[in-house]
Amino acid sequence: MRIVIIDDSGLRATVLEEGLREAGYDDIHIMPPRGAFVARLERMAPDVVLMDLGSPSRDTLEEMLTVSRALARPIAMFVDQSDEAMIGAAIDAGVSAYVVDGLRKERVKPVLELAVRRFNAFAKIQAELDEARTALSDRKIIDRAKSILMNQRGLSEQDAYALLRSGAMNQGKKIVDVAQAIITASDLLGGIA
Amino acid sequence: MTTGLRIAFLPLTDAAVLAVARERGFAEEEGLALDLVRSTSWATLRDRLVYGQVQAAQMLAPLAVAVTMGLSQQPAALAAPYKLNVNGNMLVMAGGFAAALEPDVARRIADPLGTAHDFAAAIGLWRRKPVIGVVHRFSSHAIMLRYWLGSAGVDPDRDVLLRVLPPSLMVEAMQGGEIDGFIAGEPWGSAAVETGLAEAVAIGERIWRRGVEKLLTFRQAWLEDNPDMVDRLLRALARAAAWCDDPAHHEALALLLAHPRYVDQPAELILRALSGQIVARAGEAPLANPDFLLFAREATPFPWRSQGLWIYSQLVRWGMVDHSPENAAKAAGVFRPDIFRRALAHSDVPMPGASMKLEGAVDLPLAVGSRRGELTLGPDRFFDGRVFDPDKIDMFLAGFPPLR
C-alpha cells in the first residue's frame with residue numbers, strides 16, 4: 001500500500017512516518033504541499049493520502065482529485081462513512097485521509113488509527129514546545145523589567161524580583177504582566193532599559 | 001444562561017457580521033457565546049461543519065449547494081437561513097497581462113462586457129494559457145468568472161487554466177509566479193494590488209450587481225432540532241449586519257477585522273471594500289463603488305430560493321451536475337426563507353413577501369411588497385442583461401452556447 005503524507009511541518013510528517021514504518025508499512029512518501037506537488041502526487045498514484053485537516057492546501061488537492069485524468073481510480077475522503085467513531089477521532093486529531101476507491105476498509109483502518117495516535121502525540125509535543133517557548137520569553141520580559149527596576153531604583157536583583165512579585169500579588173496579576181507593564185511604561189517615558 | 005455556539009469562518013472581510021456579532025455584544029444580548037473558529041481552507045471549514053465540529057459556518061453559497069447534492073466529498077443536507085453578505089469579490093491580473101486591456105482602470109471596471117472581450121484578446125497575446133486562481137470549484141467567484149469569460153466566447157475549461165487556492169495564499173502564489181491573477185473575496189485582491197504585482201480587472205458587483213456570496217450554513221438536522229438557538233443567532237446577526245453597513249462604523253470594523261484572530265491584514269486594506277473605495281492600481285486614487293459589499297440594506301440577508309436555483313443553473317451549465325427536477329429541488333431547498341421569517345418575525349428587518357424572484361430584472365431601485373416597513377431592492381442586473389426566471393430554468397440554459 002503506497003501512502004503519501006502531505007505536510008508542511010517536517011517534524012509531524014517524520015513522527016507519522018516513523019510510526020507507519022514501525023507498523024510494517026514501507027512504501028511511504030513525504031511531500032510538502034508546495035509548487036507542483038499535485039502533479040508529482042498524480043505520478044505517484046498513491047493508495048492513501050494523509051494530510052493535516054487544517055492544511056490550506058486541501059482545496060488544491062481536492063480539486064486535483066476531482067479533475068485528474070491521470071488517476072486510475074477515484075480517491076475520496078474516509079471511505080468508510082459508517083465508522084463514525086473513527087471519523088470523529090480523525091477529525092478531532094486533525095487528520096484528513098483520502099483513500100483510493102476499492103481499498104478494503106480493514107486495510108485502511110489501522111493506517112488511520114495510527115495516524116490519529118501520531119497526530120495526537122505530535123500535538124502534545126507541539127503544545128509542550130509552545131509552553132517552553134512562552135516560558136522562555138516570559139523569563140526574558142521579567143529579566144528586562146528587573147534591570148529597569150535595578151537601574152532606576154537602585155535595587156539589587158533579588159529586591160527587584162521581590163518587588164515584581166509583591167506587585168503581582170497585590171494586583172492579582174501574573175508577574176510577567178506586571179513586568180510587561182513596567183517595560184511599556186519605561187518605554188513611554190523614554191527610560192533606558 | 002448563555003449557550004455556546006461554534007461557527008467556522010475564513011479570514012475574509014465578509015466574515016464581518018460574525019465578528020461583530022461576537023465582539024460588539026449582539027450575540028451576548030441573545031444569550032449566545034460565539035466561538036469563532038478560523039479556518040484556512042474551504043475543505044476544512046466544510047468538514048468541520050459536516051462532521052459536527054462546529055454548529056454553523058460561513059460558507060460559499062455554491063459549496064453549500066454542492067455538499068447538499070453530494071458533489072463535494074461526504075454528502076450532507078445543509079441549510080442556509082441567512083446570507084452574510086452580497087457582493088465583495090474582485091478579479092485581479094498581473095500588470096503584464098492587464099496591459100492588453102483598457103488602460104484607464106475606471107473605464108475598464110465600469111465596462112465589464114468590453115473588458116471581457118479585451119480579456120479574450122489578451123489571452124492570445126499572453127505567452128501561455130493564463131493561470132487564474134479561484135478559491136474553490138464551487139465558489140461564487142469561480143461561477144462568476146466562468147459566466148463573465150463565457151460571455152466573450154472564452155471557454156473557462158479550455159482557454160484558461162483555473163487553479164484552486166485558498167484566498168489567503170493567492171498573493172503568495174502571484175509572487176511565486178504560480179498564477180497570473182485571481183478572483184477572491186477581499187481583502188486579498190486589494191492586498192495583491194498593494195504589492196504592485198496585480199491590478200483590478202473586474203469587480204463582482206459590476207458582473208452581477210447583487211451577487212449571492214456567503215451563507216450562514218447549518219446541518220439541516222441540527223437546524224431543525226435547535227430552532228431557538230437558530231432564531232437567537234439570526235436576530236443577533238441581523239443587528240450586527242445593520243451595524244456593519246453603517247458608514248460611521250467602517251473604520252472601527254476595519255480595525256476589528258485586522259486583528260490576527262480574524263483577517264490579519266492591515267486595516268487600511270480591509271477598509272477599501274467596506275467603504276467601497278477601491279484602489280484598482282497601486283498608487284492611483286480610489287474608485288468609488290458604494291455597492292462593493294452589502295451586509296444589511298435591501299434585505300441583503302434574505303435567502304431567496306431563486307438564488308439557489310441560479311447557482312444550480314450554472315452548475316448544470318458547466319456540466320458539474322445533471323439537470324433533473326430532484327437536483328433542482330435539492331439546490332433550492334438549501335435556502336431557507338421560512339426560517340428567516342420565523343426568526344426575524346418580531347424584528348424591524350424588512351421582510352419580503354415572496355421567496356423567489358426574477359434575478360437580474362431590477363434596473364433602478366424598486367419598492368417591493370414587504371410584510372413590514374419599506375423594502376427597496378437595489379439594481380440586480382447581470383452585466384450581459386440576461387434575466388433568470390427560476391420557473392424557466394430550461395429556457396435560461398438554452399440561451400447559452402452548448403458545452404463542447
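Mentor: Two residues are in contact if their C-beta atoms, placed from the backbone, lie within 7 Å. This is a predicted model, in which local features need pLDDT of at least 70, side-chain atom pairs count only at pLDDT 80 or more, and totals for chains, interfaces and linings use all residues. Residues are numbered from 1 along each chain as its sequence is written, with chains lettered from A in the order in which they are written.

Trainee: Which residues of helix 3 of chain A meet helix 3 of chain B?

Mentor: R58(A), D59(A) and E62(A) face W42(B), A43(B) and T44(B) there; helices are DSSP runs (H or I, at least four residues), numbered from the N terminus. By class, this contact has two nonpolar, one polar and three charged residues (Ala, Val, Leu, Ile, Met, Phe, Trp, Tyr, Cys and Pro count as nonpolar, Asp, Glu, Lys and Arg as charged, and the others, Gly among them, as polar).

Trainee: At what angle do the axes of these two helices cross?

Mentor: Two packed helices are described by the angle between their axes and the distance between the axes. Here the axes of helix 3 of chain A (residues 58-67) and helix 3 of chain B (residues 42-50) come within 7 Å and cross at roughly 90°. The pair is therefore roughly perpendicular (65 to 115 degrees).

Trainee: Is R48(B) buried or exposed?

Mentor: R48(B), in helix 3 of chain B, is buried because 21 other C-beta atoms lie within 10 Å (the cut-off is 20 or more). Beyond its neighbours within four places in sequence, its contacts include A8(B), V37(B) and A57(B).

Note on methods: Axes fitted to C-alpha atoms, helices over the stretch in contact; angles between N-to-C directions. Parallel < 35°, antiparallel > 145°, perpendicular 65-115°, else oblique. Buried ≥ 20, exposed ≤ 12 C-beta atoms within 10 Å, placed from the backbone.
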